[in-house]
Amino acid sequence: MSSSYDRRVFLASLLGAAAGVAGLSGCAESSAAATDQGAVKAPLADKVPAGTSLKIASYQNVQQLQFELAKLPALPFTVSSWVNIGAGPDVINAFRAKSLDLANNAGIPPIQAHYQGYDAKIVAINVTRKPNYLFATKPGSDIHTVADFRGKKLAFSQGQAQGVVLLRALKKAGLKYDDVTLVPLTSNQFLTALQSGQVDIAPLANSQAPAYLQQYGSKGARSISTDVVDLLNLLWAPVSVLADRAKAAAIAAYIPQWAKGQVWQYENPDRWNEEFYVKTQNLTLPQAQAITALANKPLFPPSWDEAIAWEQETADLLAEGGFVKKFDVSSLFDHRFEGIAAKSVSAEYRS
């Protein structure tokens with residue numbers, strides 16, 4: 001983006017309806033938040049009250065499949081709906097609509113929610129040490145390194161992990177925002193944008209890249225690896241949900257299952273390749289194995305200090321570009337839940 005006007009237009013187009021909802025309901029949410037902020041400091045209940053239910057995000061039904069294959073015990077509450085939702089902007093809208101109580105995302109959606117005036121907090125953290133994304137070029141591209149991004153059109157989602165990976169990669173390569181054109185898209189539009197030549201580069205998840213390159217590699221598309229990591233894989237929930245003692249207790253009971261499910265997946269790659277990637281994602285076994293080979297070992301930190309520092313760096317990076325206003329990210333973490341995930345797994349899975 002070459003001017004402050006372009007950036008304002010960009011932000012308006014990206015926030016869209018969600019920003020409109022924030023404007024319409026801002027007073028009511030501010031009033032509710034003032035009440036809820038005190039409530040979320042109450043100690044967690046020791047037991048989940050009977051009749052408690054949660055609506056939990058499970059993109060592509062990953063959570064249910066993990067729990068089933070790992071043969072984890074039944075949850076002490078009812079999951080009234082498993083919501084097939086994953087993208088940060090979609091999760092925020094679902095939170096607003098009260099159709100979702102708990103979601104699994106990267107570090108940037110909670111920052112985006114705060115920027116939009118929506119109150120939600122992080123309740124569990126899994127640290128990722130290896131890159132989950134790489135950059136893919138459009139067919140016929142002459143781009144080979146991140147330094148070659150200068151003057152190019154880059155797919156950018158401000159509210160998703162792919163966005164911060166791109167910004168961090170640009171900064172590491174010494175490129176400024178005005179050196180490139182950031183094209184506002186959501187991640188589910190990236191592949192189409194690459195195929196059509198709407199963008200020159202898009203960050204793709206490791207799980208997406210093999211199929212794209214198989215189809216377009218012969219036409220000059222290629223991947224560009226990055227060592228930039230998106231450090232946080234987290235659970236988060238609206239403050240209104242966390243202020244409900246029954247729901248907060250249910251979330252505390254869910255966190256160990258969430259952690260154990262990821263450990264099981266990591267320890268059983270062959271079974272996961274077959275049951276998830278081959279049977280539900282229609283990938284070949286070699287494609288599945290290529291994805292699994294890049295998988296991060298799940299690590300659940302007893303202390304959130306590193307996560308908070310990384311989240312602050314991310315928020316500051318977005319603020320430098322004018323995408324959000326600078327703020328202290330410590331308000332995004334509900335420390336009542338700190339350490340729950342770490343205590344539920346063996347020592348080798350604690351970072």
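This dialogue examines the strand pairing and helix packing of a predicted model.

Student: On what conventions do the statements about this predicted model rest?
Tutor: Residues are numbered from 1 along each chain as its sequence is written, and side-chain values use heavy atoms, with hydrogens and water left out. Local features need pLDDT of at least 70, side-chain atom pairs count only at pLDDT 80 or more, and totals for chains, interfaces and linings use all residues.

Student: What makes β4 and β10 a pair?
Tutor: Two strands pair if DSSP finds at least two bridges between them; strands are DSSP runs of E with at least two residues, helices are runs of H or I with at least four, and both are numbered from the N terminus. β4 and β10 (residues 232-238) pair in the antiparallel sense over 7 bridges, so the criterion of at least two is met. I122 has W236 in β10 as its bridge partner.

Student: Why do β3 and β4 count as edges of the sheet?
Tutor: The open sheet has 3 strands in the order β3-β10-β4, with antiparallel pairing. β3 (103-106) and β4 (120-127) each have a single partner strand, so one side of each lacks a neighbour in the sheet. Neighbouring strands of this sheet are turned by 35° against each other on average, direction ignored.

Student: How do you know that β6 and β7 pair?
Tutor: Strand β6 (residues 153-156) and strand β7 (residues 181-184) run parallel and are joined by 4 bridges, and the criterion is at least two. A155 stands opposite V183 in β7. Together with helix α5 (residues 161-172), the two strands make a right-handed β-α-β unit; right-handed means that, with the strands pointing away from the viewer, the path from the first strand over the helix to the second runs clockwise.

Student: Why is α2 called oblique to α10?
Tutor: The axes of helix α2 (residues 62-70) and helix α10 (residues 269-278) come within 11 Å and cross at roughly 135°. Axes are lines fitted to C-alpha atoms, for helices over the stretch in contact, and angles run from 0 to 180 degrees between N-to-C directions. Angles under 35 degrees count as roughly parallel, over 145 as roughly antiparallel, 65 to 115 as roughly perpendicular and the rest as oblique. The value falls among the rest, so α2 is oblique to α10.

Student: Which residues of α2 and α10 meet?
Tutor: V62, L65, Q66 and L69 in α2 meet R271, W272, E275 and F276 in α10, where contact means heavy atoms within 4.5 Å.

Student: Why is α5 described as roughly perpendicular to α12?
Tutor: α5 packs against helix α12 (residues 305-320) at an angle of about 75°, with the axes 11 Å apart. That angle makes α5 roughly perpendicular to α12. V164, L167, R168 and K171 of α5 meet residues of α12, including W310 and E313.

Student: How are α2 and α9 oriented to each other?
Tutor: The axes of α2 and helix α9 (residues 245-267) come within 9 Å and cross at roughly 75°. The two helices α2 and α9 are therefore roughly perpendicular to each other.
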